[in-house]
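Got your viewer open? Load the model, give it a slow spin, and let's take a walk through it.

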Amino acid sequence: MPIPRRALVAAAVALVLPLSACGSGDDGGSTDASGKVEGDITFQTWNLRANFKPYFEGVIADFEKKYPGTHVKWIDQPAEGYADKISADAAGGTLPDVVNVSPDLVAPLAKAGLALDLDKSAGQYKKEYLDGAWAGHQVPGMTGTYAFPWYLNTGPLFYNKSLFEEAGLDAAEPPTTYDELFADALRLAKKSDGKVATLANVPTIEDFGRYGVELMNKEGTAFSFNDTKGVELLTKYKELYDAKALDAQALTATPESSGKKFLTGAVAMNPGSALDLGNFKKQAPNLYKNIGITDQITSTGKVNMYVMGVMVNARTKRTPAAVAFAHYVTDARNQMSFAKKVAIFPSTAGSLDDPYFTEEDGTDETRVRIAAAKSLKNAVNYTPVLFSEQMKTALRNEVAKALQGKESPKTALDNAVRACDTLLRQQG
């Protein structure tokens with residue numbers, strides 16, 4: 001997966017994986033990972049070869065040296081069509097032994113009996129990872145964990161200090177609660193006669209999660225984001241939209257278009273990462289001089305976390321080798337090495353206490369990295385594992401109707417939940 005943009009902003013974009021043709025079957029390999037680590041296995045990554053070829057070749061060489069008699073064939077797939085490729089391989093019985101997945105991709109594979117339950121086969125490794133990261137590849141309604149957690153990401157909120165000051169707001173005191181955010185946004189819009197919005201995106205499922213909305217029942221059989229709190233959040237966004245405190249093009253915004261709006265001063269706040277600071281420095285030096293950095297706003301005390309994973313094919317003929325390699329790729333040493341090559345964070349317990357993530361050096365980049373690492377220790381992935389791309393579209397469409405005044409926030413969310421529940425039943 002291309003880390004710089006997608007892991008930081010869209011992060012593990014949910015894609016539909018139609019595996020209804022795949023029965024769970026019992027023609028696979030053993031779930032016992034305790035045997036000798038030997039034999040040939042295949043390892044598939046998600047668009048990582050172009051930027052990280054030497055790193056992965058080094059990891060593979062070290063693994064093969066540690067376990068003589070093993071051979072790892074590395075396959076890298078392009079970003080586009082990755083879910084379709086996994087689906088085709090799953091249906092055709094050609095799924096690689098070890099696969100780079102996001103939580104939404106692992107869910108249908110687990111349901112089809114194609115993802116190894118690590119709680120059963122590799123439970124001894126659980127303590128090596130952050131609790132929230134290990135839980136990232138659990139599937140509601142099923143027992144078990146279906147991928148090793150790999151790299152994590154999160155990021156702060158950036159804000160334009162000069163726009164805050166022009167609106168008479170204290171640039172040294174950015175909003176830290178939703179009430180403060182909405183109040184500041186309305187004031188900024190009023191002071192600028194609607195020329196400057198504070199936010200560029202409509203609320204997504206993760207925003208409802210951060211607001212404290214119960215997104216889904218514990219059984220994983222129905223969505224519940226149309227509760228009182230969910231309606232309250234959408235009602236607030238409707239107020240922002242009417243006051244032009246939410247950008248007029250928010251209904252069709254992408255992370256890239258929102259980023260451009262922030263670069264040009266059309267919006268006052270935007271989520272981002274340490275990588276974005278370099279872009280600001282190059283593309284908008286005036287913005288960089290006036291950049292403010294603050295924490296994600298959340299009502300739960302926990303920020304949103306994006307998580308990538310490494311899954312073991314339940315039907316591999318080389319279970320000990322596949323489990324050993326998946327663990328090796330995601331162990332503390334290799335994750336730390338990877339994190340120093342790109343702005344991602346290790347999911348291994350204790351790694352975020354490394355000086356690289358705790359010691360200031362006076363740069364904004366390091367400041368962002370340290371703040372993100374601290375917040376990740378108890379972060380959660382708010383996007384439900386079972387929330388597909390089609391569900392995201394259904395929610396977005398209904399949110400748009402509410403913001404445009406075509407439906408009440410309550411009706412819109414009721415309709416969205418109904419549509420998502422129907423899609424959920426179709427997933428089987």
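Start with a hollow: the second largest pocket in this predicted model has a volume of about 750 Å³. To find it, select Pro-140, Glu-214, Asn-381, Tyr-382 and Pro-384, which are the closest to its centre among the 27 residues that line this pocket. Now colour the lining by residue type: you'll get twelve nonpolar residues, ten polar ones and five charged ones.

Next stop: select residues 274–283. That's helix H12, and Gly-278 is found in it. Is Gly-278 buried, exposed or partly exposed? Its relative accessibility is 26%, so Gly-278 counts as partly exposed; buried would need a value under 20%, and exposed one over 50%. Keep Gly-278 selected and add Glu-365. These two residues are 87 apart along the chain, yet their C-alpha atoms are separated by 8.2 Å.

Now zoom out and switch to cartoon view. You can look for 18 helices and eight strands. The C-alpha atoms fill a box of roughly 70 × 50 × 30 Å along the principal axes. How does the radius of gyration fit with a compact globule? For 428 residues, such a globule would have a value near 22 Å, and the protein has 22 Å, so the two agree.

Last, turn on contacts and the surface. Among contacts with a separation of 6 or more, 77% come from residues 24 or more positions apart. Of the 428 residues, 54% count as buried. The protein exposes about 18,000 Å², with carbon and sulfur atoms supplying 50% of that area.

Key
Residues numbered from 1 in each chain as written. Predicted model: local features only at pLDDT ≥ 70, side-chain atom pairs only at ≥ 80, totals over all residues. Heavy atoms only, no water. 1 Å grid on protein atoms, 1.4 Å probe; cavity = no way out; pocket = protein on both sides within 12 Å on 5 of 7 lines; lining within 4 Å. Points joined across faces, edges and corners; volume = space filled by probe spheres on them. Nonpolar A, V, L, I, M, F, W, Y, C, P; charged D, E, K, R; others polar. Helix = DSSP H or I, 4+ residues; strand = E, 2+ residues; numbered from the N terminus. Buried < 20%, exposed > 50% of the residue type's maximum accessible area, 1.4 Å probe, protein only. Rg over C-alpha atoms; globule rule 2.2 N^0.38 Å. Contact = heavy atoms within 4.5 Å. Areas by Shrake-Rupley, 256 points an atom, 1.4 Å probe, with all protein chains shown as cover.
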